[in-house]
Amino acid sequence: AIKRLPRRADALLAMTGKTSLRATNGSEAIPNKIETKCHCLRGFTLAEVLITIGILGIVAAMTIPTLIQNSQNKELVSQYLKMNNVLSNALKNTEAVEQMKISKMSEETFKEKYEEHLKTIPCNSTSDFTPDVCLSDGSQFKYGDDFNQTCPDNVCMTLTIDTNGDKKPNQAGKDRFTVNLTPIGLKATGESDTCSEGFDRS
């Protein structure tokens, strides 16, 4: 029979971390039951969760509007540059086909020939902007009342453009701009004749 050890063996087993002891007389190992320790994981309290959510909400409120604004600004710049390119190419083609500069054309001839080199659609604008020409990509523009063949101050005519049609923001400097038709091409208002950026195509 297996010789049982005194109760104090239980305490010894707990101290040594063993599950059995061997009797001093060399008999078989004596099994002993050790209770398994409970390893419990501590979770977050409701207060901690609410505080974390609050901090994330504040950070989101501070950063998301800026990200959205930056994205919108990039889109507006892209639309502006695209329309610049379209109008500039149309002017080049008009002068090339007619074999004369804008300063040599009448206002009626220029408008007729210029629009032949643009992909136009009927205008159905619902905003406060009343365009003369609407393009298939949604942009639109209207002619100024200052057509002058002598091109005073190197401005033969002005165009007011809206790069995204009826879409907002419909504000000057954002999606609405004024450009000048000059003897050497299209130029943004205030751009010098020697500037190599924007509409300059000299």
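**Figure 1. Where helix 2 meets helix 3.** In this close-up, L87, A90, L91, T94 and E98 of helix 2 are in contact with F110, K113 and Y114 of helix 3. Sorted by character, the residues of this contact are 5 nonpolar, 1 polar and 2 charged. The two helix axes come within 9 Å and cross at roughly 115°, and the crossing of helix 2 with helix 3 is right-handed. Please keep in mind, here and in every view that follows, that this is a predicted model.

**Figure 2. The whole chain, for orientation.** Before zooming in further, here is the layout: the protein chain has 3 helices and 8 strands. Read from the N terminus, its elements follow the order α-β-β-α-α-β-β-β-β-β-β. Of the 202 residues in the protein chain, 29% are buried. Looking at contacts between residues at least 6 apart in sequence, 41% link residues at least 24 apart.

**Figure 3. The largest nonpolar core.** In soluble globular proteins, nonpolar side chains tend to be buried together. Here, the largest nonpolar core contains 25 residues, and F110, Y114, F141 and I161 have the most contacts inside it. At least two core residues come from each of helix 2 (46–98), helix 3 (107–116), strand 4 (133–135), strand 5 (140–143), strand 6 (157–162), strand 7 (176–182) and strand 8 (185–188). Helix 2 gives the largest share of this core, 5 residues.

**Figure 4. A closer look at F110.** Which residues does F110 touch, once those up to four places away in sequence are set aside? They are L91, I102, M105, Y143, F147, M157 and L181. L91 may be familiar from the first view, as one of the helix 2 residues that meet helix 3. F110 is also among the residues with the most contacts inside the largest nonpolar core.

**Figure 5. The six-stranded sheet and its edges.** Strands of a sheet pair through backbone hydrogen bonds, either parallel or antiparallel. This one is an open sheet of 6 strands in the order 3-4-5-6-7-8, and its pairing is antiparallel. Why do strand 3 and strand 8 each have one side without a neighbour in the sheet? Both stand at the edges with a single partner strand each, so one side of each stays free of a neighbour in the sheet. Helix 3 packs on the sheet and touches strand 3, strand 4, strand 5, strand 6, strand 7 and strand 8. The direction of helix 3 makes about 170° with that of strand 5.

**Figure 6. Strand 5 and its two partners.** On one side, strand 5 runs antiparallel to strand 4, and 2 bridges join them. There, F141 of strand 5 stands opposite V133. In the hairpin formed by strand 4 and strand 5, 4 residues lie between the strands, and G138 has a positive phi near 100°. With strand 6, strand 5 pairs in the antiparallel sense over 4 bridges. Within strand 6, L159 is the bridge partner of Y143, and I161 is the bridge partner of F141. F141 and I161 are both on the list of residues with the most contacts inside the largest nonpolar core.

**Figure 7. Backbone details in three loops.** Most residues other than glycine have a negative phi, and most peptide bonds are trans. This view gathers some departures from that pattern. Q99 sits in the loop between helix 2 and helix 3 and has a positive phi near 55°. D153, in the loop between strand 5 and strand 6, likewise has a positive phi near 55°. Are these two residues buried or exposed? Q99 is exposed, because its relative accessible area of 73% is over 50%. D153 is exposed too, at 77% relative accessible area. The peptide bond from K168 to P169 is cis, with omega near 15°. P169 belongs to the loop between strand 6 and strand 7.

**Figure 8. T126 and its distance to K167.** T126 lies in the loop between strand 3 (120–121) and strand 4. Why does T126 count as exposed? Its relative accessibility is 71%, and exposed means over 50%. How far apart are T126 and K167 in sequence and in space? They are separated by 41 residues in sequence, while their C-alpha atoms are 9.9 Å apart.

Methods
Residues numbered from 1 in each chain as written. Predicted model: local features only at pLDDT ≥ 70, side-chain atom pairs only at ≥ 80, totals over all residues. Heavy atoms only, no water. Core = buried A, V, L, I, M, F, W, Y, C linked by side-chain atoms within 4.5 Å. Buried < 20%, exposed > 50% of the residue type's maximum accessible area, 1.4 Å probe, protein only. Contact = heavy atoms within 4.5 Å. Axes fitted to C-alpha atoms, helices over the stretch in contact; angles between N-to-C directions. Left-handed = near helix turned anticlockwise from the far one by under 90°. Nonpolar A, V, L, I, M, F, W, Y, C, P; charged D, E, K, R; others polar. Pairing = 2+ DSSP bridges.
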